[in-house]
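Ready for some practice at reading a protein model? Work through the exercises below in order, and try each one yourself before you look at the solution.

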There are 2 protein chains.
Amino acid sequence: MRIGILGAGQLGRMLALAGYPLNMKFSFFDLSGSPTAGVGDIFIDSGKCETQLDAFLDQVDIVTYEFEHLPLELTRKIESKKPLYPSSESIRVCQNRVEEKQLFTRLGIPTPEFRVVESSEELAAAAEELGCPVVAKSVTEGYDGKGQAVLKSADEAEAAWNSIGHPQLIVESFINFSRELSVIAVRSTQDEVAVYPLAENSHHQGILRTSIAPAPDLDPEFEEQAKHYISTLMSELDHIGVLTLELFETEQGLMANEMAPRVHNSGHWTMEGARCSQFENHIRAIAGLPLGCTQARSPTSMLNIIGQAGSIQDLLKLPYTHLHLYGKEERAGRKLGHINICADTYKELCQRTENTYQFLPGSPEFSCSLSKKEKQIP
Amino acid sequence: MRIGILGAGQLGRMLALAGYPLNMKFSFFDLSGSPTAGVGDIFIDSGKCETQLDAFLDQVDIVTYEFEHLPLELTRKIESKKPLYPSSESIRVCQNRVEEKQLFTRLGIPTPEFRVVESSEELAAAAEELGCPVVAKSVTEGYDGKGQAVLKSADEAEAAWNSIGHPQLIVESFINFSRELSVIAVRSTQDEVAVYPLAENSHHQGILRTSIAPAPDLDPEFEEQAKHYISTLMSELDHIGVLTLELFETEQGLMANEMAPRVHNSGHWTMEGARCSQFENHIRAIAGLPLGCTQARSPTSMLNIIGQAGSIQDLLKLPYTHLHLYGKEERAGRKLGHINICADTYKELCQRTENTYQFLPGSPEFSCSLSKKEKQIP
């Protein structure tokens with residue numbers, strides 16, 4: 001079976017690396033002009049004619065993607081020729097923050113209160129109504145903290161509107177959360193469902209820096225809640241493949257932030273940390289194979305390498321690091337790779353992660369619920 | 001860095017899959033006419049001109065191989081243009097059983113007594129002298145039990161000679177061994193050395209069926225002995241990359257059988273069973289990177305899939321199987337893939353391995369020192 005992947009970045013690359021041992025073959029359709037996957041045939045979208053897309057579709061049996069911000073028209077056209085997993089319906093909902101929130105609400109999944117605005121005046125009014133601080137986000141296209149602004153008062157509406165520069169924004173109440181979590185699940189064409197243990201995620205400047213899984217000290221009730229939410233979403237969307245749901249942990253319980261219809265950076269820990277990785281499970285799911293075991297092998301952390309790789313030699317010298325580079329040139333804010341670290345205990349994991357952080361140039365101080373707890377010990 | 005691999009079968013494929021996350025790129029030079037690696041550029045040796053070899057060499061920074069039965073002339077020619085790791089000296093010794101044995105003897109590594117013969121009459125005489133049973137093997141080219149015969153009496157010399165059909169044979173005393181072990185080690189261009197825990201190997205019809213690592217109930221003195229032997233060999237050969245040494249465990253200690261200057265089937269368990277796999281460590285070693293940790297993550301077994309794959313669905317349904325297929329068509333005696341199984345205890349490992357064996361068509365009954373012990377328990 002040959003699988004076509006829309007996008008040829010690191011997620012496509014890691015899907016292919018996980019799929020080859022299952023005898024899958026891969027072709028990539030690149031829409032960015034700078035494919036980096038490097039492990040299969042690449043077709044480049046010239047934007048002028050459809051020859052490349054047709055050639056790509058002729059070659060593949062099924063199609064998936066590494067990025068949901070795709071033109072819906074394109075995805076529907078693909079669907080008319082080859083099976084697309086997850087479907088264009090998952091893409092339609094997940095690429096639009098309003099659709100997403102409305103779905104959460106309809107399914108009884110708590111989510112921060114929100115308004116949709118189409119001018120700086122409406123933004124100011126929404127900020128007043130919800131009570132500042134509020135977060136304004138472009139309804140479509142934003143990711144990695146792009147297209148977002150925090151308003152501390154309604155006076156900042158015009159500046160925020162101009163900085164985002166998008167015709168429609170969603171404005172959300174600021175949530176007082178203790179940490180960010182994500183839950184990753186997978187559903188196969190055979191209707192089999194598997195859910196990974198939740199990860200705790202730490203961001204810096206809007207970009208994910210660290211995930212720790214299974215999320216330490218997690219209330220088992222919250223774990224069940226998250227699993228219920230994501231199963232409900234997958235079933236409602238008839239979603240095939242991996243789905244990721246980002247959550248806030250609050251005193252009142254979990255609140256849904258956003259979701260992605262694909263393998264996710266906060267699931268990279270599964271490569272060495274789980275029995276079967278999110279990448280392999282996505283391939284199994286869309287190919288109609290039985291799903292792999294989602295259990296954790298041990299407490300695991302994932303550290304993103306952002307902008308600069310630093311000394312690869314130093315990173316590889318540490319006996320507990322698993323390095324995954326993406327074949328990309330250095331550039332500010334760019335995800336160049338990640339490191340997975342496994343340990344027998346969370347304490348050891350925390351020490352190893354802190355130690356590894358020293359070798360990541362330009363990284364903020366390591367921070368997670370574990371490191372905070374460590375610091376409280378006199 | 002682009003690495004050239006001589007050979008484009010499963011070992012080359014797994015080297016590439018392990019090397020991409022270190023930002024390596026791969027080209028294969030295929031000498032078989034049926035490349036199956038499928039994860040990099042492939043140059044096919046036409047056997048008629050050197051254009052393909054030159055194009056391959058122009059593209060790569062360093063060269064390695066998945067198979068040591070290469071024309072020495074070719075490897076020396078390559079060495080005159082690009083670094084070849086391990087060197088042609090490692091190939092020269094490892095592709096010749098007499099050279100190998102002489103090296104073992106010179107370095108004080110015990111090995112079964114042997115004679116070299118060049119006719120059926122000499123073979124009969126050697127069998128008489130050593131005392132039957134003896135094993136006769138072609139001096140070069142044999143692998144996976146090919147080019148071998150066991151003689152129960154000197155009368156069988158002519159039949160054995162004809163069946164092997166090679167101008168020079170090595171004849172070895174039959175060793176009364178309790179099990180076969182292998183030790184895999186790696187040495188980098190920076191002179192760093194790392195050794196994996198030993199594996200216990202079970203063969204059927206001359207082909208490896210199962211490895212279990214770390215080898216259960218292994219005398220720590222034997223472990224040290226094996227590590228000493230392989231370190232001595234690597235140092236003597238100035239060997240760069242992975243080296244595998246097959247050993248017999250006897251009441252008198254370990255005896256060396258043969259070695260291979262490459263990643264080895266009995267090291268496939270390291271993919272999920274060790275911190276860093278033999279494939280990643282080979283790439284690290286030849287690229288001058290620090291070596292990865294060779295410790296086992298848990299008791300692990302490796303089962304070869306030979307000739308027929310059977311039901312992939314059934315194999316994937318078992319929650320503890322890690323499947324690695326090689327992209328090959330079914331053919332009697334052909335290695336199509338392998339399965340790694342990890343467990344917290346050897347008892348659990350044994351149960352899981354026996355259970356998985358049921359789904360491998362045409363496989364012999366699972367047999368290892370663990371399963372034999374299990375059977376002794378009433």
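## Exercise 1: Where the two chains meet

Between chain A and chain B there are 12 residue pairs in polar contact, both residues at pLDDT 80 or more. (A polar contact is a pair of N or O atoms within 3.5 Å; within protein, one must be able to donate a hydrogen and the other to accept it, and residues adjacent in sequence count only if both atoms are side-chain atoms.) Before going on, note that this is a predicted model, where local features need pLDDT of at least 70, side-chain atom pairs count only at pLDDT 80 or more, and totals for chains, interfaces and linings use all residues. Residues are numbered from 1 along each chain as its sequence is written, chains are lettered from A and ligands numbered from 1 in the order in which they are written, and side-chain values use heavy atoms, with hydrogens and water left out.

Task: describe the interface of chain A and chain B.

Step 1. Start with the elements: α1 (10-19), α11 (312-317) and β16 (321-325) of chain A each give two or more residues to the side that touches chain B. Helices (H or I, at least four residues) and strands (E, at least two) are DSSP runs, numbered from the N terminus.

Step 2. Pick out the largest share: β16(A) supplies 5 residues to that side of chain A.

Step 3. Count residues: chain A brings 30 and chain B brings 30 to the contact, where contact means heavy atoms within 4.5 Å.

Step 4. Get the area: the two chains bury about 2700 Å² between them, 52% of it on carbon and sulfur atoms. Buried area is the accessible area (1.4 Å probe) that two parts lose on being put together, summed over both.

Step 5. Look for salt bridges: the rule finds 0 across this interface. A salt bridge is a side-chain nitrogen of Lys or Arg within 4 Å of a carboxyl oxygen of Asp or Glu.

## Exercise 2: Salt bridges within a chain

Task: find out how far apart along the chain the partners sit in Arg97(B)–Glu258(B) and in Arg284(B)–Glu280(B).

Step 1. The side chains of Arg97(B) and Glu258(B) meet in a salt bridge, at 2.4 Å from N to O. This pair links distant parts of the chain, since Arg97(B) is in helix α5 (residues 97-106) and Glu258(B) in strand β14 (residues 253-260), 161 residues apart.

Step 2. Check exposure: Arg97(B) is buried at 8% relative accessible area, and Glu258(B) is buried at 19%. (Buried means under 20% relative accessible area, exposed over 50%, partly exposed in between; 1.4 Å probe, protein chains only.)

Step 3. Now Arg284(B) and Glu280(B), whose closest N and O atoms are 2.8 Å apart in their salt bridge. They are 4 residues apart in helix α10 (residues 278-286) of chain B, so about one helical turn separates them. Both are buried.

Step 4. Zoom out: the whole structure has 38 salt bridges over all chains.

## Exercise 3: Any disulfides?

Task: how many disulfides are there over all chains?

Step 1. Recall the idea: a disulfide is a covalent bond between the sulfur atoms of two cysteines. The cut-off here is a pair of cysteine sulfur atoms within 2.5 Å.

Step 2. Search the whole structure, and you get 0.

Step 3. Try one case: Cys276(A) is in no disulfide, and the nearest cysteine sulfur, that of Cys293(A), is 8.1 Å away. Cys276(A) is also buried, at 3% relative accessible area.
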